[in-house]
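Visitor: Please take a close look at one part of this structure, and then set out how the remaining parts are arranged. I should like a single connected account.

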Amino acid sequence: MNDMTPITTKLKDWETDQEVRWCPGCGDYAILKAVQRTMPEIGARPENTVFVSGIGCSSRFPYYMETYGFHTIHGRAPAVATGVKLANPDLDVWIITGDGDALSIGGNHTMHLLRRNLNCQVLLFNNEIYGLTKGQYSPTSRVGTRSPSTPLGSVDRPANPCAFALGSGARFVARGIDVHKNLVSVLKAAYAHQGTAFCEIFQNCIVYNDDVFAPFTEKANAAGAQMWVEHGKPLVFAGGTKGLTLNTQALTLDVVDVVDGDVSALVVHDQTNRSLAHMLVEMPFGSHPMALGVLYDDPAPTFESAVIAQNAQASAGKMPDLQKLLSKGQTWQVEKEPHAL
């Protein structure tokens, strides 16, 4: 895991003097504040932290963190972040992206980042819309979404970010909500993971897709619609009155009532179980709750550690000699004078 050092900074140390330019009421404000609150608690240092973003509303993020940062091009944040981490593996690298940036033009880059397992944190802000370019439907927009690019309603089946991450070989997958108090704990768990930590954050776009997540984020709906999982604890929700059991025939999770507090028949969350994580992210919302928190966490060797070890092996016992390198292979010397112009 990444080392947690003692708190040496305060919230103000992570805030810049830049004007935060998101729409009033945008969920991005809450995510920004959660990240800024997390930094001191994990013992991070501004001079050792880099935020890398692509294109989209979320990608303004590096301007608002008092750290190093790159605002790159559409979908390519993983490529730049990989270069940063390989150049200086000691840096804490965070990737800020959106559902369109990461899963459309950047889908290929996101997939390879996850399978390589670079030691970094990926925060995917999912608002199910292209907000920066005025509300077109995105890869995560639901069937029937009306937008400037789908005036009759989208006919595309939406991508599931966490299912995509698991299918790409991610070793850490989590979900959070922009305004929820538990988001900081999710971010802490992501930082503690050694490898690529993928966090989907449900983020409300107040202008183009307002309240799309209200069925499980609104206070009146939260208790019965949110299930915050915890490693080693039964999968319960609705104040402990409902839970999940394993349907051994269909290999799916079924909702059951918890009678007299008896949870013996319920599935116990094991965050190292990839199959269970797949079932949790594939649960149909409505008949089932929205699974939130750390769904999967099973570390594996990181990409940069393998690259560093390979480079060390290749250079063992050798002395750097630029002239020898330049002279290697076919060489020749031009002895004739060039023609006069």
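**The three-stranded sheet and its surroundings**

Guide: In this predicted model, strand E9 (residues 242–247) pairs with E8 in the antiparallel sense, and 2 bridges join them. One of these pairings can be located by residue: Val236 has Gly243 of E9 as its bridge partner. On the sheet packs helix H9 (residues 274–281), which touches E9 and E10 and whose direction makes about 65° with that of E10. The connection from E8 to E9 is a hairpin with 4 residues between the strands, and Ala238 in the turn has a positive phi of about 55°.

On to the next pairing. E9 and E10 run antiparallel and are joined by 6 bridges. Within this pairing, Thr245 has Asp254 of E10 as its bridge partner. E9 and E10 likewise form a hairpin with 4 residues between the strands, in which Leu251 takes a positive phi near 55°.

Taken as a whole, this is an open sheet of 3 strands in the order E8-E9-E10, with antiparallel pairing. Strand E8 (236–237) and strand E10 (252–257) each have a single partner strand and stand at the edges, so one side of each is left without a neighbour in the sheet. As a general point, strands of a sheet pair through backbone hydrogen bonds, whether parallel or antiparallel.

Helix H9 leads from this sheet to the largest pocket. The space in that pocket is about 430 Å³. The pocket is lined by 22 residues, of which Glu128, Asn160, Arg175, Phe285 and Met290 are the closest to its centre. Two or more lining residues come from each of strand E6 (196–202), helix H7 (214–217) and H9. Sorted by class, the pocket lining comprises 14 nonpolar, 3 polar and 5 charged residues.

Strand E6, in turn, leads to a second sheet. This open sheet has 8 strands in the order E2-E1-E3-E4-E6-E5-E11-E7, and its pairing is mixed. Its edge strands are strand E2 (68–71) and strand E7 (226–228), each of which pairs on one side only. From one strand to the next, the twist averages 20°. Within this sheet, strand E3 (residues 92–98) and strand E4 (residues 120–126) run parallel and are joined by 5 bridges. Here Gly98 has Phe125 of E4 as its bridge partner.

Two helices lie across strands of the 8-stranded sheet. Helix H2 (residues 77–87) lies across strand E1 (49–53), E2 and E3, and runs at about 175° to E3. Helix H4 (residues 107–116) lies across E3, E4 and E6, and runs at about 135° to E6. These helices also pack against each other: the angle between H2 and H4 is about 35°, and their axes are 8 Å apart. In this contact, Pro78, Ala79 and Thr82 of H2 meet His109, Thr110 and Leu113 of H4. The contact residues comprise 3 nonpolar, 3 polar and no charged.

The same region brings the account to enclosed space. The whole structure contains 1 cavity of 30 Å³ or more, and the volume of the largest cavity is about 70 Å³. Its lining consists of Gly75, Pro78, Ile95, Thr97, Asp101, Ala102, Thr110, Leu113, Val122, Leu124 and Phe198. Pro78, Thr110 and Leu113, which take part in the contact of H2 with H4, are thus among the residues of the cavity lining. E3, helix H3 (99–105), H4 and E4 each supply at least two of the lining residues. By class, the cavity lining has 7 nonpolar, 3 polar and 1 charged residues.

One further kind of contact involves a loop beside the 8-stranded sheet's strand E1. Across the whole structure there are 11 aromatic pairs. Among them is the pair of Trp22 and Phe61, which is tilted, with 6.4 Å centre to centre and 40° between the planes. Trp22 lies in the segment before helix H1 (28–41), while Phe61 lies in the loop between E1 and E2, so the pair ties together parts that are 39 residues apart in sequence.

Note on methods
Residues numbered from 1 in each chain as written. Predicted model: local features only at pLDDT ≥ 70, side-chain atom pairs only at ≥ 80, totals over all residues. Heavy atoms only, no water. Pairing = 2+ DSSP bridges. Contact = heavy atoms within 4.5 Å. Axes fitted to C-alpha atoms, helices over the stretch in contact; angles between N-to-C directions. 1 Å grid on protein atoms, 1.4 Å probe; cavity = no way out; pocket = protein on both sides within 12 Å on 5 of 7 lines; lining within 4 Å. Points joined across faces, edges and corners; volume = space filled by probe spheres on them. Nonpolar A, V, L, I, M, F, W, Y, C, P; charged D, E, K, R; others polar. Phe/Tyr/Trp six-rings, centres within 6.5 Å; stacked < 30°, edge-to-face > 60°.
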